[in-house]
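Reader: Could you take one part of this structure and look at it closely with me, starting from a single residue and working outward step by step? I am in my first year, so please explain each term when it comes up.

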Amino acid sequence: MKLHEYQAKEILKKYGVTVPKNTGIATTPAEVRAAVEAIGGRGVVKAQVHSGGRGKAGGIKVANSPEEAEQIGSQILGMLLKTHQVPEGITVQQVLIEEPISIAQEYYLSVLPDRNSQRNVFILSAKGGMDIEAVAEEDPDAIVRLSVDPLVGLNDFELREAIAKAKLDPAYTNKIVVFMRQLYRAYMESDGALAEINPLAITADGRVLAADAKFQIDDSALFRHAELEAAAEESFEDPIEAEAHKQDIAYVRLGGNVGLMCNGAGLTMSTIDEVKRAGGNPANFLDVGGGAQAERVSKCLSLVLSDPNVKGVLINIFGGITWCDEVAKGVIAGTETLNVKVPIVVRLAGTRAAEGAALLAQTNLIPATTMQEAAAKIVSLVG
């Protein structure tokens, strides 16, 4: 679950991580003006969207007066912010108002799980303010990694060694060590999946603070964080993904025109590969789950078809604990109630596949016997 910058900074402050002074979020130009007045007459107006590159896209601006703040608020609020991460754009609905800071140095700092080492790892770089992917490609030696032993925890000498290797200003080593410890505690106790500070700023007056912050929470741990329940609904910029989350359906929008419904993550990913191999462009990842009943299958089909880009649907089910005839019933019920106008290819295999095929034979749904045949058929129909 992604958090907005203002939400991330609220969590970080609880653990002592230093962040710029702010007056919270604003949703109207008048609120932006009032917020800048409250913070001293000058402030930074920052669009709150789940994307990097906000500054380059015009989503972060400095207001030198309350009047200018109101004008900037009217420009940013409601704008379609297009970034390199989200080229189609995100509508800005709220902004964060912060104190302006004078940055002397910018560093990069993050902590996230590393599946290879099965440990959490810190990533540091003296090249802050840039996309870490670009730094890794252009100058990989500028990135330092520090794996954290889950039994031992953080050792000061390891933190200091990593800071030295990253060539951060040695005059601020003590403060950065404290910052890293506080960040790690916030990450661990909040069940974080990512905590990224970019830039980690050294200000002209000698402060070490999180000028920007990204924070992600492990979805599986949300039951331990009731205070973040509202934030969970805000974390989805895509309305279809938000609806899928409400219905507890594993769905990711991919942007293509071939809708997919499968059971099991492995089969779903294999189906995506087959559609691509056949020359098609998958619209989504959707796992109906094991043992799915007809009602759930119908809901999944409705979700897939809610994407206006979908020009055809491929349903690929391998029945184990899932009964193929239940899937067939759900698909038939869905097509009857949804007024479906796009072709649907169905491949059923496994438990009660013959019974499911018999039900589908009485409809206009298009059968297929193999995954490859199904992919070829739907791609041909979609064009």
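**Starting from one cysteine**

Author: Cysteine 324 counts as buried, with a relative accessibility of 0%, where buried means under 20% relative accessible area, exposed means over 50%, and partly exposed is in between (1.4 Å probe, protein chains only). Before we go on, please keep in mind that this is a predicted model, in which local features need pLDDT of at least 70 and side-chain atom pairs count only at pLDDT 80 or more, while totals for chains, interfaces and linings use all residues. Residues are numbered from 1 along each chain as its sequence is written, and side-chain values use heavy atoms, with hydrogens and water left out.

The cysteine sulfur closest to that of cysteine 324 belongs to cysteine 262, and because the two are 13 Å apart, they are too far from each other for a bond. Cysteine 262 is itself buried, at a relative accessible area of 0%, and its own closest cysteine sulfur is in cysteine 300, 11 Å away, which is again too far for a bond. A disulfide is a covalent bond between the sulfur atoms of two cysteines. It is counted here when a pair of cysteine sulfur atoms is within 2.5 Å, and the structure holds zero of them.

Cysteine 262 leads us to threonine 271, which touches Leu260, Cys262, Leu314, Asn316 and Met371, leaving aside residues up to four places away in sequence; contact here means heavy atoms within 4.5 Å. Threonine 271 is found in helix α9 (residues 265-277), and at 0% relative accessibility it counts as buried. Helices (H or I, at least four residues) and strands (E, at least two) are DSSP runs, numbered from the N terminus. Between the side chains of threonine 271 and asparagine 316 there is a polar contact of 2.9 Å, a term for a pair of N or O atoms within 3.5 Å; within protein, one must be able to donate a hydrogen and the other to accept it, and residues adjacent in sequence count only if both atoms are side-chain atoms. Leucine 314, although 43 residues from threonine 271 along the chain, has its C-alpha atom 8.8 Å from that of threonine 271.

We can now return to the helix that includes residue 324, helix α11 (residues 324-338), where lysine 329 and glutamate 326 lie three residues apart, about one turn of the helix. These two form a salt bridge, with their closest N and O atoms 3.7 Å apart; the term means a side-chain nitrogen of Lys or Arg within 4 Å of a carboxyl oxygen of Asp or Glu. The two partners fall into separate classes of exposure, since lysine 329, at 41% relative accessibility, counts as partly exposed, whereas glutamate 326, at 17%, counts as buried.

For comparison, lysine 9 and glutamate 5 in helix α1 (residues 5-14) are four residues apart, also described as about one turn, and both are buried. Their closest N and O atoms are 2.7 Å apart in a salt bridge, and they belong to a network that also links Lys46, Arg54, Glu98 and Asp212. A search of the whole structure finds 23 salt bridges, one of them joining aspartate 205 and arginine 207 at 3.4 Å from N to O. Aspartate 205 counts as exposed because its relative accessibility is 55%, while arginine 207, at 28%, counts as partly exposed.
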